[in-house]
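Okay, thanks for making time, everyone. Let me put the structure up and we'll walk through it together.

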Amino acid sequence: MIVIEKILSDEEVNHYRQQLAECPWGDGGKTAMGMAASVKNNNQADSSDAKVSQLANLLLSRIGETPKIVSAALPHKIFPPCFNRYSETEEYGYHVDSAIMRIPNTTDVLRSDVSMTTFLSEPEEYDGGELIISTEFGQQQIKLPAGYAVVYPSSSLHKVTAVTRGQRLAAITWMQSMISDTNIRQNLYQLDQTIQNLIKENNTSRTELDNLHNVYHNLIRQFATL
Ligand code: NI
């Protein structure tokens with residue numbers, strides 16, 4: 001689980017909020033599949049609306065420009081971000097995200113390996129509405145400042161607790177990673193982050209860095225599926 005600080009600037013968050021206030025919204029339960037639909041109680045911005053898809057595209061490019069996300073998720077395909085809104089009493093009970101998702105308006109499908117939630121409301125604007133991710137080390141509770149995002153394995157059981165005051169606005173997307181195995185992906189992330197830190201330290205020998213880089217890319221070659 002990785003927190004991305006400020007994937008959107010304050011100005012961008014304001015822009016998203018202004019635009020989303022004017023967009024058509026519908027029942028979020030309609031876009032969930034199977035068992036997830038029965039526990040989903042929120043609203044979702046109409047993804048066919050031109051403004052909504054523009055916002056989705058801006059977030060898509062931010063994802064591609066954020067080295068930490070690219071390093072952690074190694075995305076191969078990204079589902080266009082969806083925008084959801086929880087008002088008072090609304091929640092999304094425990095569920096798993098569909099393993100295979102059809103990318104809207106295409107014949108292409110995506111395997112969800114990595115989920116990403118981008119917060120668009122400030123934590124003090126609402127009570128409840130925590131993203132709870134169930135991990136092998138217990139439940140992780142996540143509520144981040146507006147413009148921050150959390151990246152986590154799609155394979156984990158998760159929920160959004162009921163909002164008891166105010167409104168929670170967020171964007172969510174899923175990525176098919178080039179590396180489907182979560183453990184291998186995590187190790188590659190740690191290796192890459194270590195290499196990046198060594199580069200910053202400036203006193204590491206170029207030869208050793210080249211070797212580490214080579215190992216990293218060879219591991220990608222070995223494990224990536226495209
Ligand atoms: Ni979900």
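Let's begin with two residues out of sight: E12 is buried, and R62 is buried as well. Before I go further, keep in mind that this is a predicted model.

So what do E12 and R62 form with each other? A salt bridge, with the closest N and O atoms 2.2 Å apart. If you trace the chain, you'll see that this pair links distant parts: E12 sits in helix α1, residues 10-21, while R62 sits in helix α3, residues 50-65, and the two are 50 residues apart.

R62 has another partner too. Its side chain also meets that of E65 in a salt bridge, at 2.9 Å from N to O. Here we stay inside one element, as R62 and E65 both lie in helix α3, 3 residues apart, which is about one turn of the helix. Is E65 buried or exposed? E65 counts as exposed, because its relative accessibility is 52% and the cut-off for exposed is over 50%.

While we're on salt bridges, the count comes to 9. One more I'd like to show you is R165 with D127, whose side chains meet at 2.9 Å, N to O. R165 is in strand β16, residues 163-166, and D127 is in strand β11, residues 126-128, so this salt bridge ties together parts that are 38 residues apart in sequence. As for accessibility, R165 counts as partly exposed at 35%, and D127 also counts as partly exposed, at 33%. Going back to the earlier pairs, E12, R62 and E65 are joined into one network by salt bridges that share partners.

Since we were just in helix α1, let me point out Q19, which has its place there too. Q19 has a relative accessible area of 17%, so it is buried, the cut-off being under 20%. How far apart are Q19 and P123 in space? They are 20 Å apart, C-alpha to C-alpha, with their positions 104 residues apart in sequence.

Now the pockets. The largest pocket holds about 1,000 Å³ of space. Its lining takes in 49 residues, and those nearest the centre are T31, K40, Q44, C82 and W174. Which strand gives the largest share of that lining? That's β17, residues 168-177, with 5 residues. By class, the lining of the largest pocket splits into 27 nonpolar, 15 polar and 7 charged residues.

The second largest pocket has a volume of about 330 Å³. It is lined by 13 residues, and nearest its centre you'll find T135, E136, F137, P153 and Q186. The elements giving two or more residues to this lining are β12 (131-135), β14 and α5 (182-201). In terms of class, the lining of the second largest pocket has 5 nonpolar, 7 polar and 1 charged residues.

β14 is a handy landmark for the next stop on the surface. The loop between β14, residues 149-153, and β15, residues 158-160, is where L157 lies. L157 is partly exposed, with a relative accessible area of 38%. Which residues form a nonpolar patch on the surface with L157? Y94 and V96 do, and together the three have about 240 Å² of accessible area.

Last topic: backbone angles. There are two residues I'd like you to look at here. L74 has a phi near 40°, which is a positive value in a residue other than glycine. You'll find L74 in the loop between α4 (67-73) and β5 (75-78). T89 also has a positive phi, near 75°, and again it's a residue other than glycine. T89 is placed in the loop between β6 (82-86) and β7 (91-95).

Buried or exposed, for each of these? L74 counts as buried, because its relative accessibility is 6%. T89, on the other hand, counts as exposed, with a relative accessibility of 60%.

That's my tour. If you'd like to pull up any of these spots on the screen, go ahead.

How values were computed
Residues are numbered from 1 along each chain as its sequence is written. This is a predicted model: local features need pLDDT of at least 70, side-chain atom pairs count only at pLDDT 80 or more; totals for chains, interfaces and linings use all residues. Side-chain values use heavy atoms; hydrogens and water are left out. Patches are made of residues with over 30% relative accessible area and no salt bridge: like charges are joined within 9 Å, nonpolar side chains (Val, Leu, Ile, Met, Phe, Trp, Tyr) within 5 Å. Accessible areas come from the Shrake-Rupley method with a 1.4 Å probe; for residues, only the protein chains shown count as cover. A salt bridge is a side-chain nitrogen of Lys or Arg within 4 Å of a carboxyl oxygen of Asp or Glu. Helices (H or I, at least four residues) and strands (E, at least two) are DSSP runs, numbered from the N terminus. Buried means under 20% relative accessible area, exposed over 50%, partly exposed in between (1.4 Å probe, protein chains only). On a 1 Å grid over the protein atoms alone, a cavity is a set of points where a 1.4 Å probe fits but cannot get out, and a pocket is an open set with protein on both sides within 12 Å along at least five of seven lines; lining residues have an atom within 4 Å of a point. Grid points are joined across faces, edges and corners, and a volume is the space filled by probe spheres set on the points. Ala, Val, Leu, Ile, Met, Phe, Trp, Tyr, Cys and Pro count as nonpolar, Asp, Glu, Lys and Arg as charged, and the others, Gly among them, as polar.
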